[in-house]
Amino acid sequence: MSDKGIGARILRKEDHRHLHGRANFTADIAMPNMLNLAFVRSGIAHGRLVRVTKPADAADRVFAFDDLVGVKTLRAVSKLPTYKLADYPCLATGKVKFVGEPIAACLADSRAEAEDLAARVAVEIDPLPPVMDMVASRAPGTAIVHEDWSDNIALTIQIPSDIDEVVRTAPVKVSGEYKMSRHAMVPMEGRAVLAYWDDRQDQLVVYSATQVPHLNRAGISDILDIEQRQVRVIAPDVGGGFGLKALVFPEEIVACWLALRTRRPVRWIEDRVEHLIADANCREHHYRISAYADRTGKILALEGEVTVDAGAYSVYPFTNGLEAAMAIGNLPGPYHVPAYRGKAYTVTTNKPPLAPYRGVARPGVAFAIEQTIDAIARAVGRDPFDVRLENLVPAAAMPYTSVAKKTFDSGDYPEALRRVARMLDLPGLRERQKRREPDGRLIGVGFGCYTEQTAHGTSVFASWGIQLVPGFEQATVRLTPDGGLEVRVGVQSHGQGMETTIAQVASTTLGIDPARVNVVHGDTGLTPFSTGTYASRSIVMAGGATSRACKVLATRLVRIGAHLMQCEAKDVQVKDGKVVGPRASVEFSEIGRVWYMRPDELPPDVDMGGLECTVGYRPDPDYGTFAYASHGAVVAVDPDTGVVEVLDYVICEDCGTMVNPMVVEGQAFGGAVQGIGTALYEESPYDDQGQPLHSTFADYTLPGATEAPMIRIDHMISPSPHTEYGIKGTGEGGNIPTSGLLANAVNDALRSLGAEVHETPITPRRVLEAIARARKAAA
Amino acid sequence: MKQVTMTVNGRSVTQLVEPRTSLADFVREQLRFTGTHLGCEHGVCGACTVLIDGEPQRSCITYAVSCDSAQVTTIEGFDDDALMADMRTAFHENHALQCGYCTPGMLVTARDIVRRLPDADEKRVRLELSGNLCRCTGYVGIVRAILSVLAKRKAA
């Protein structure tokens with residue numbers, strides 16, 4: 001059966017229910033006597049909350065901050081120096097700090113009636129000047145979001161280094177300012193929760209659209225001050241997450257508290273307007289970069305200042321500081337940078353909280369650093385491809401410890417870039433650019449390279465000192481009496497296909513057909529503890545734990561099998577779903593039958609743990625294994641309309657050993673198209689009073705099928721030296737380089753006009769403004 | 001409350017509904033056909049696409065009361081449909097779904113593209129998909145799946 005194990009392009013076990021409309025998302029669950037929840041939200045970005053007036057006839061179904069007796073605020077802690085707490089109250093108190101902040105909770109039999117009730121709650125707010133610009137609001141004298149702070153800076157991180165000599169002597173210096181705009185994460189299913197009290201289990205049962213059920217349980221227990229044994233979180237089918245669902249939010253806590261209070265099932269289903277204006281946003285980064293190079297474009301030193309607009313509150317548990325910490329730690333990218341100095345500010349504003357989104361900070365980093373590489377190439381008059389190639393960390397240098405103290409474990413970064421250039425036919429494209437296009441459009445080529453530290457472990461998270469520090473991942477495996485296998489893991493699969501890929505890992509280790517493996521995940525009542533699915537960690541960690549547990553199970557199968565075959569255990573092995581001896585073999589089903597039904601046939605010294613075991617796993621070292629890729633694209637820019645079309649997009653990726661290449665490709669394609677969204681379309685803009693200018697899919701544009709190219713992909717395989725089977729993570733990487741390389745491609749296209757765009761999304765308006773600026777400068 | 005009678009997935013149903021209730025809420029909450037998903041509730045994302053009298057429609061911006069005497073088919077109503085069976089197989093084989101949330105609406109639209117436009121090329125397929133958003137797949141597998149069913153039907 002090993003042809004269905006690790007490396008096999010088998011089709012997904014989870015598809016059938018989705019294709020037949022029989023999946024089970026949180027909103028699909030209805031319970032007798034269920035109440036629906038709707039929120040009254042702030043319409044003002046910054047102001048004093050003077051009064052909340054409940055309708056007299058429904059005061060017992062409306063709840064404001066003062067009603068939430070025993071509910072703590074969401075406090076995200078960090079031990080990073082200078083970090084200030086920005087507690088997120090479950091309902092607003094004192095001041096409102098962004099448009100959309102929940103103020104009151106309203107219960108009714110249906111969502112429509114709950115919204116009717118919410119509309120009848122009167123809220124009085126005295127407006128204050130909103131803090132909207134993260135760079136300007138770093139300065140003293142501006143309005144302050146958190147009154148007990150002296151300024152709006154939530155966290156400052158410095159990487160000090162003496163680069164003054166290089167700064168003075170380097171023959172080439174380029175400087176640039178790069179802005180990645182705030183946007184929303186937009187899983188197709190919004191957040192959702194259904195909570196009820198189960199007297200028989202003495203438990204609050206919480207169905208939740210979450211990536212991190214165990215973490216959710218810990219958060220609910222902590223904030224509501226009930227024991228963890230009294231909380232069970234079940235993530236049923238979850239319709240995408242992308243980081244958003246790796247957090248604990250006020251709405252979920254309020255729903256749980258109301259279920260405790262009313263002793264009735266309470267359901268809250270986020271709608272799209274709530275998601276766009278009131279949910280955590282992502283990405284808003286501002287960079288000032290200077291790079292110093294020799295005359296061939298070889299980097300001598302890098303200097304960067306990052307500012308992250310973290311919004312009003314610090315998200316639980318990852319904090320508002322993770323973005324900036326990751327940004328400043330990853331700024332040198334996959335390049336050999338001999339000297340580096342960096343500073344990162346996290347700034348609080350009157351916008352929704354910022355949270356880590358697929359790629360976490362690195363798409364912003366790549367946006368800045370990839371444009372910096374192209375700027376160096378322009379300054380030295382060489383093709384960006386050549387300058388990029390010469391600055392990448394070479395294969396011979398592996399393992400390589402970067403100036404920012406990241407250890408890249410394996411791979412051939414330049415080869416990935418060379419393959420991408422070949423797939424695009426770079427020389428042919430350069431000729432095509434000289435010929436010009438018959439339709440008057442301008443053609444540009446862009447490249448982007450990245451590393452993705454995946455499955456960061458204990459040492460990395462402990463250094464940040466946040467609530468959650470992942471440790472040993474555990475898997476429970478159990479042979480069923482008829483020779484099937486159950487695998488229980490505490491992560492959650494919401495599109496990544498882990499019901500299939502974890503079964504493939506078990507298949508490789510035990511030779512069992514994946515069709516005979518059930519992967520149980522996403523339920524604190526059924527699985528061992530895990531911090532959950534985030535940081536491209538699940539197949540490395542839960543896959544690794546599954547492998548280790550299957551290996552322990554195999555020793556027990558061998559012992560029983562050898563006894564049944566009356567031979568020595570040392571002469572027996574597990575193969576093709578059987579225990580095979582010198583002269584005979586025993587099916588797993590026979591071993592299952594004997595253990596469960598006919599223990600009188602067992603060997604006298606049998607392991608009493610039986611055919612079930614829980615085994616922990618952590619890679620060694622555990623700082624994370626580095627996946628990497630190069631992406632390249634060709635764009636056409638219409639200089640009259642400013643419209644950018646992606647004509648071609650290619651990927652060469654290396655995530656180590658691929659468990660299922662089909663799934664790897666799906667992650668890469670989906671990630672890249674999300675990257676196209678960040679680069680060209682998606683933005684959550686605000687006016688100067690903090691009012692969101694985006695509230696529907698009509699004014700918030702996602703890439704559709706017409707905006708997405710038919711992406712081509714190539715693979716390299718450099719197994720990690722540190723992980724089980726050499727697996728590296730791959731969930732997030734796909735969108736890391738996209739904004740940077742598309743900016744490079746657009747600016748390559750605009751080069752003959754002298755125009756450059758350095759801000760996402762690269763909309764027609766921004767392209768036309770860049771062209772107009774260039775014309776004005778030339779005049 | 002108003003009484004409506006319609007045929008949903010081949011069975012006649014008569015129910016009282018509020019005039020403001022959408023067809024999506026009606027089939028999900030009152031009839032418990034929860035395969036119809038809500039992704040935006042303002043008619044853009046297409047997750048709620050169903051057939052009304054054989055044509056794809058967005059059930060989130062269609063009132064249930066406006067469907068009196070209509071034939072409604074949700075994703076649960078295609079079990080005997082050969083074209084949908086082909087489309088499901090093609091989606092499975094081309095990894096055209098990840099989280100599965102957009103999939104029911106995507107399938108209803110995909111089936112309709114093949115039914116109406118047997119000669120559609122990739123560009124046309126993408127244009128026809130512009131009313132259905134997917135956040136996971138980058139559309140690669142979805143477009144390939146639809147093209148494979150078109151090719152299979154042409155070859156037959």
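The exercises below concern contacts in a predicted model.

**Exercise 1.** Find how many residues chain A and chain B each give to their contact, and describe the side of chain B.

Solution. Step 1: count two residues as in contact if their C-beta atoms, placed from the backbone, lie within 7 Å. Chain B then gives 41 residues and chain A gives 38 residues.
Step 2: look for the elements of chain B with two or more residues on the side that touches chain A; these are helix 2 (82–93), helix 3 (103–116), helix 4 (122–128) and helix 5 (140–155). Helix 2 of chain B gives the most, with four residues.
Step 3: sort the residues on this side of chain B by type, which yields 19 nonpolar, 14 polar and eight charged.

**Exercise 2.** Describe how domain 1 and domain 2 of chain B touch.

Solution. Step 1: take the bounds from the domain assignment of chain B, namely 2–77 for domain 1 and 82–155 for domain 2. Over C-alpha atoms, the centres of these two domains are 22 Å apart.
Step 2: count the contact residues, 13 from domain 1 of chain B and eleven from domain 2 of chain B. On the domain 1 side, strand 3 (residues 49–52) of chain B has the largest share, three residues.
Step 3: sort the domain 1 side by type: seven nonpolar, six polar and no charged.

**Exercise 3.** Determine how helix 2 and helix 3 of chain B pack.

Solution. Step 1: the axes of the two helices lie 10 Å apart, at an angle of about 120 degrees. The crossing of helix 2 of chain B past helix 3 of chain B is right-handed.
Step 2: list contact residues; among them are B:Met87 and B:Phe91 in helix 2 of chain B, and B:Leu107 and B:Val114 in helix 3 of chain B.
Step 3: by type, this helix contact holds seven nonpolar, no polar and three charged residues.

Notes:
Residues numbered from 1 in each chain as written. Chains lettered and ligands numbered in written order. Predicted model: local features only at pLDDT ≥ 70, side-chain atom pairs only at ≥ 80, totals over all residues. Nonpolar A, V, L, I, M, F, W, Y, C, P; charged D, E, K, R; others polar. Domains from an automatic or database assignment. Axes fitted to C-alpha atoms, helices over the stretch in contact; angles between N-to-C directions. Left-handed = near helix turned anticlockwise from the far one by under 90°.
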